[in-house]
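This report describes the fold of one protein chain and then turns to its charged side chains. Please keep the sequence and the structure in view while reading.

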Amino acid sequence: MHIEIFALCDSAADYGGKLSLLGAFDGIFSREAPVVQAHCAVALRLRVAKVEEGRHHIRYNLIDPDGKLVVPSIEANVDVKIPEHRESVAINLIVNLQQLKFERFDRFTLDLAIDGRQEASLPVSVVQRK
């Protein structure tokens with residue numbers, strides 16, 4: 001599997017296999033903590049080859065610098081079927097997050113695991129605005 005897109009953004013949508021992103025970011029700014037991000041989305045586009053056809057387990061973990069989960073793990077299973085005339089397909093996965101709360105200013109990490117193996121990481125900085 002190849003990760004074509006992995007982003008934290010204001011919003012994301014899948015329109016007939018086309019992944020649309022709005023406002024990809026890696027920083028959240030606030031005057032005081034705790035910091036609440038009212039709405040955001042995690043957008044993932046995976047390229048899956050014919051030999052990888054079948055069921056795959058996806059897990060996202062948002063962790064603080066101490067390795068503790070900020071929110072419970074987000075998990076999903078996807079069943080990938082590839083038509084005979086194709087060698088690969090792209091699949092889009094979107095997770096919408098509401099009222100995401102960070103208790104302190106710090107650097108957090110959004111980790112992506114596929115089939116139990118760490119595949120990618122995104123930094124998420126929560127910064128105090130003076």
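Which kind of contact do the side chains of D66 and R104 form? In this predicted model, the two side chains meet in a salt bridge, with 3.6 Å from N to O.

## Overall architecture

The protein chain contains 9 strands and 0 helices. Its C-alpha trace spans about 55 × 30 × 20 Å along the principal axes. Of its 130 residues, 37% count as buried.

Contacts between residues distant in sequence are frequent in this chain: among contacts with a separation of 6 or more, 68% are made by residues 24 or more positions apart.

## The four-stranded sheet

Strands of a sheet pair through backbone hydrogen bonds, in either a parallel or an antiparallel manner. Here, 4 strands form an open sheet with antiparallel pairing, in the order β2-β1-β4-β7. The edge strands, β2 (18-24) and β7 (88-102), each pair on one side only. On average, neighbouring strands of this sheet are turned by 40° against each other, direction ignored.

Strand β4, which covers residues 35-49, is joined to β7 by 14 bridges, and the two run antiparallel. One example of this pairing is L46, whose bridge partner in β7 is I91.

## Strand β5 and its partners

Strand β5 pairs with β6 through 7 bridges, in an antiparallel arrangement. Within this pair, H56 stands opposite V78 of β6. Strand β5 also pairs with β8, again in the antiparallel sense, over 6 bridges. In that pairing, I58 has I114 of β8 as its bridge partner.

## A network of charged side chains

Side chains of opposite charge can pair when their charged atoms come close. A search of the whole structure finds 8 salt bridges. D64, D66, R104 and D106 are linked in a network of such bridges.

Within this network, R104 forms a salt bridge with D64, and the closest N and O atoms are 3.8 Å apart. R104 lies in the loop between β7 and β8, whereas D64 lies in the loop between β5 and β6, so the pair ties together parts that are 40 residues apart in sequence. The residues in the network differ in their accessibility: D64 counts as buried because its relative accessible area is 11%, R104 is partly exposed at 31%, and D66 is exposed at 56%. D64 also has a polar side-chain atom that lies 2.8 Å from the backbone nitrogen of D66. Leaving aside residues up to four places away in sequence, D64 touches V70, R104 and F108.

Another salt bridge joins K101 and E103, with the closest N and O atoms 3.6 Å apart. K101 is partly exposed, at 40% relative accessibility, while E103 is exposed, at 54%.

## A buried acid without a salt bridge

What is the nearest side chain of opposite charge to D111, and how far away is it? The nearest is R59, at 8.0 Å, and D111 is buried yet has no salt bridge. The distance explains the absence, because a salt bridge requires the nitrogen and oxygen atoms to be within 4 Å.

D111 lies in strand β8, which covers residues 106-114. The side chain of D111 makes a polar contact of 2.2 Å with the side chain of S121. Not counting residues up to four places away in sequence, the residues that D111 touches include Y60, N61, I63, Q118 and A120.

Definitions and conventions. Residues are numbered from 1 along each chain as its sequence is written. This is a predicted model: local features need pLDDT of at least 70, side-chain atom pairs count only at pLDDT 80 or more; totals for chains, interfaces and linings use all residues. Side-chain values use heavy atoms; hydrogens and water are left out. Two strands pair if DSSP finds at least two bridges between them. Axes are lines fitted to C-alpha atoms, for helices over the stretch in contact, and angles run from 0 to 180 degrees between N-to-C directions. Buried means under 20% relative accessible area, exposed over 50%, partly exposed in between (1.4 Å probe, protein chains only). Lys and Arg count as positive and Asp and Glu as negative; His and the chain ends are not counted. A polar contact is a pair of N or O atoms within 3.5 Å; within protein, one must be able to donate a hydrogen and the other to accept it, and residues adjacent in sequence count only if both atoms are side-chain atoms. Contact means heavy atoms within 4.5 Å.
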